[in-house]
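Colleague: I am new to this structure. Please give me an account of the whole, followed by a close look at a single strand and what surrounds that strand.

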Amino acid sequence: MAELLTWVFDRYSPRGRESSPSLSPPEGEARSLSCILLGGRGCGKTCLLFLTAVMAASELGRKVIFLSPTPIQTLPAPLMEARAGLDPASLKKIKFVYPRTAEELLRDVACLHEAAGAPPSLLIVDGLERYLRWGGEGEQAHQMAARLSALLCDTATFLSRARAGAPGDPPAECQLIVSLDTHPERGAEASGSDSVLSVFERYFPVRCTLGRDASCAGTRACRIYFSGFQQTEGRDSGLGRQWELVYTPSGAMEFTPIPEKSQE
């Protein structure tokens with residue numbers, strides 16, 4: 001799963017802007033695992049997930065399901081800049097679903113196998129911590145985190161098997177990316193903090209973390225790095241690589257690979 005995110009990062013890096021508009025997409029992802037995107041409030045997780053969904057649909061031909069507790073109001077700035085080149089037909093490959101509570105999310109995910117047409121090849125869930133507020137606190141939150149994670153992973157596995165015989169769609173397993181706020185505000189959403197992170201990590205062995213980059217004074221910037229385990233069969237999974245994400249004054253996102261010698 002790291003390959004898909006790293007492809008997006010490379011696509012919006014200086015090298016990606018200078019080269020051909022369609023960089024080589026990730027191939028042979030049959031053994032990729034699910035990924036959890038971690039970061040504090042306001043670091044750009046939702047924007048990054050939306051950017052990934054649009055790129056997967058428009059450039060890779062993926063059918064995407066995007067689940068979020070609240071509607072996305074505007075396109076990410078990089079897409080606002082490039083929207084003239086986006087194929088409106090390809091954007092129809094993204095289906096947005098807005099379950100408001102944990103029970104609604106469980107219901108919507110459980111019904112995905114009943115949907116008509118080719119099964120999706122990318123499943124995205126934004127803001128898992130906001131669903132935990134409906135699951136209670138303490139042990140209840142842990143149980144809800146496990147229940148949501150198990151259903152999401154089982155559904156992705158089921159959809160992957162269903163895709164094996166689905167015509168007219170690029171061959172790929174159904175991949176799964178979710179996001180979790182690691183520093184939620186105190187109060188109702190506190191049950192989604194680090195206390196349940198260990199539960200999610202059992203189901204999402206690959207972690208993509210967005211951390212504030214203190215070295216970029218006066219600039220809104222994050223450092224992105226992967227950790228965890230992923231079977232790669234000799235391919236570059238993205239694990240061990242790092243990027244600096246800088247938000248320009250216009251709000252656009254630019255990803256710059258960090259040389260290995262500078263990552264320490």
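Modeller: Accessible areas are calculated by the Shrake-Rupley method with a 1.4 Å probe, and for residues only the protein chains shown count as cover. On that basis the chain exposes about 12300 Å², of which carbon and sulfur atoms supply 52%. This is a predicted model, in which local features need pLDDT of at least 70 and side-chain atom pairs count only at pLDDT 80 or more, whereas totals for chains, interfaces and linings use all residues. Residues are numbered from 1 along each chain as its sequence is written, and side-chain values use heavy atoms, with hydrogens and water left out.

The pLDDT, which is the predictor's confidence in each residue from 0 to 100, averages 78 over the chain, and 70% of the residues score at least 70. Over residues 231-236 it is below 50. Where pLDDT is low, the predicted coordinates should not be read in detail.

Of the 264 residues, 51% count as buried (under 20% relative accessible area; exposed is over 50%, partly exposed in between, with a 1.4 Å probe and protein chains only). The chain holds nine helices and nine strands, taken as DSSP runs of H or I with at least four residues and of E with at least two, numbered from the N terminus.

The strand I have chosen is E4 (122-125). Leu122 and Ile124 point one way from E4, Leu123 and Val125 point the other way, and all are buried. In a regular strand the side chains alternate between the two faces of the sheet.

Strands are paired if DSSP finds at least two bridges between them. E4 runs parallel to E2, to which four bridges join it, and Phe66 stands opposite Ile124. Four bridges also join E4 to strand E5 (residues 175-181), again in parallel; here Leu123 has Leu176 as its bridge partner.

E4 is also part of the cover of helix H6: strand E2 (64-67), strand E3 (94-97), helix H7 (128-132) and helix H8 (139-163) are included with it in what covers the buried residues of H6. Those residues, within helix H6 (residues 102-110), are Ala102, Glu104, Leu105, Leu106, Asp108 and Val109.

Beyond this region, the largest nonpolar core has 37 residues, a core being a set of buried Ala, Val, Leu, Ile, Met, Phe, Trp, Tyr and Cys residues joined through side-chain atoms within 4.5 Å. Helix H3 (residues 45-60) gives the most to this core, with 10 residues. Apart from it lies another core, of 33 residues, among them Ile65, Ala102, Leu132 and Cys153.

Terms used:
Contact means heavy atoms within 4.5 Å.
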